[in-house]
Amino acid sequence: MTALTREQVRAAIFDTLCAIAPEVDPASIAPDEPLRDQVDLDSFDFLNVIIHLHEKLGVEIPESDYGELATLDSAVAYLVRRG
Amino acid sequence: MHEFRMPSLGADMEAGTLVEWMIKPGDEVKRGQAVAVVETQKGAIEVEIWESGTVERLVVEPGTKVPVGELLALLRAAGEPVAPQVEILPPPAPAPVSKVPSPAVPEGRQRISPSARKLAEELGVDITAVQPSEAGGVISRADVERAAQAAQAEKAPAPPQEAVTGDWRRQMRKAIAAAMSRSKREIPHYYLGADINVTRVTNWLAEENTKRSVAERLLPVIPMMKAVALALREAPEMNGFWVDGAFRASEAVHLGMAIAMRGGGLVAPAIHDADRKSLDQLMADLRDLITRVRGGRLRSSEMADPTVTLTNLGEQGVEQVFGVIYPPQVAIVGLGKITGRPRAENGTVVVRKVITATLAADHRVSDGHRGALFLAALGRLLQEPEKLR
């Protein structure tokens, strides 16, 4: 599998967020602020985000790494690294 | 002949609008099958039928607003002969469209309960304009409340046909307002809270989840749900309904899960027999339920059945939630955020993962001592997570 680019990962994250929280405007998300402060995600939504990203990108995300996905920037960096 | 009637999908429901039939005359239906979609204040609900048989006749047309208890369809039981049309068909009554009470003064003398008259005075409702819910019946407090709401709605610029197409969010707010007002008016709540050490169960869950693929992972609330359901078996006064001035305990534990809707509003549909389900099954059921709350349709049995409610508000950092009981239930269990807190154990201070569990219960049914036993049982069950499977 070819390595994931930042753009691919970013697009996958936006797709996922829009599917789970349709009211979200991706352009309004501050990349270095915690996502869960900006998007109303409960633990069930967050688990769905992880499942979607796993399906779209093929990246294994252990529960102990959930903290890496706290902000948009850190999530992109983490998923590119793991992809 | 079985009569399929508009079910009550919660204490606050008076009528629903039939949106769609999922069956047609001549179809075989099975007990538990979803047969119609009904729009309520809490969204579109798939209504199940509780008899098996053959559909004889659909009495109500889609688009009709139907009061709770009105006939929707006729069903022929297995083996029952097809009755000649003349016998089974009373002249098709005009579809029972319930309207917001109109200001017309009903014919004849009004019969009004004293408390309804008093309420009308309090609310500034013109009692002569109130109509009873049944033609010729006695005007009740509920009728007055409805008239007051209708008057309020007339003042506000309400879109037409709001039950079907319109301001659904306002409808839901009204439904919650009605149920919660009734709860606070009628139910003498008492409140208890206990800090529970959940270090073992959270560690056990983290370990369990490392073995699972992402789609099979369990949320922290899952073992909590199971423990709550099992603890209710030990405290049957928390599980059931207050009906007609008496408590009716429920054998089954149908756990109502308070689920927030995107953009506001709340429903608390049931996970049936939560005490008998595995954690995997509870997770699958919760996933299905939340997905349908937020995007699809709930089923009538899920709306009508909960014997108790669980509200889990820890997500946003809330440590304690003291709930308002959803009538006719008699208890609501609250869970807050799991936090690391210092605790004294054997003379030293250690940091443990702790959750505050709360109980709001109906004092007509139980006393604080019984409520305390429930929370103690919950705490005990959460110390042995491997037994919760």
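1. Let's start with how chain B holds together along its sequence. This is a predicted model, and in chain B, residues 24 or more positions apart account for 64% of the contacts with a separation of 6 or more. If you're scrolling through the sequence, keep that 64% share in mind: those contacts link positions at least 24 places from each other.

2. On the make-up of chain B: you'll find nine helices and 20 strands there. Chain B has 389 residues, and 46% of them count as buried. As for what faces out, the accessible surface of chain B is about 19,000 Å², with carbon and sulfur atoms holding 54% of that.

3. One spot to click on in chain B is B:Gly69. Where does B:Gly69 lie? Look in the loop between β7 (65-67) and β8 (71-76) of chain B. Its relative accessible area is 35%, and because the partly exposed class runs between 20% and 50%, B:Gly69 goes in as partly exposed.

4. Staying with B:Gly69, which residues does B:Gly69 touch, leaving aside those up to four places away in sequence? Those are B:Arg5 and B:Met6. For a distance to check on screen, take B:Gly69 and B:Arg294: they are 225 residues apart along the chain, and their C-alpha atoms are separated by 28 Å.

5. Now over to where the two chains meet. On the chain A side, 20 residues are in contact, against 15 residues of chain B. Together the chains bury about 1,500 Å², and 47% of that is on carbon and sulfur atoms. Three residues of chain A lose the most area to chain B, namely A:Phe44, A:Leu47 and A:Glu63; between them they make up 40% of what that side buries.

6. What about charge pairing and polar contacts? How many salt bridges are there between chain A and chain B? The count is three. A:Arg36 forms a salt bridge with B:Glu315, and the closest N and O atoms of that pair sit 3.0 Å apart. Across the interface, eight residue pairs are in polar contact, with both residues at pLDDT 80 or more.

7. Last, who supplies the chain A face? Helix α3 (residues 43-57) of chain A gives the largest share of the side that touches chain B, with eight residues. Sorted by class, that side of chain A has eleven nonpolar, three polar and six charged residues.

Key. Residues are numbered from 1 along each chain as its sequence is written. Chains are lettered from A and ligands numbered from 1 in the order in which they are written. This is a predicted model: local features need pLDDT of at least 70, side-chain atom pairs count only at pLDDT 80 or more; totals for chains, interfaces and linings use all residues. Side-chain values use heavy atoms; hydrogens and water are left out. Contact means heavy atoms within 4.5 Å. Buried area is the accessible area (1.4 Å probe) that two parts lose on being put together, summed over both. A salt bridge is a side-chain nitrogen of Lys or Arg within 4 Å of a carboxyl oxygen of Asp or Glu. A polar contact is a pair of N or O atoms within 3.5 Å; within protein, one must be able to donate a hydrogen and the other to accept it, and residues adjacent in sequence count only if both atoms are side-chain atoms. Helices (H or I, at least four residues) and strands (E, at least two) are DSSP runs, numbered from the N terminus. Ala, Val, Leu, Ile, Met, Phe, Trp, Tyr, Cys and Pro count as nonpolar, Asp, Glu, Lys and Arg as charged, and the others, Gly among them, as polar. Buried means under 20% relative accessible area, exposed over 50%, partly exposed in between (1.4 Å probe, protein chains only). Accessible areas come from the Shrake-Rupley method with a 1.4 Å probe; for residues, only the protein chains shown count as cover.
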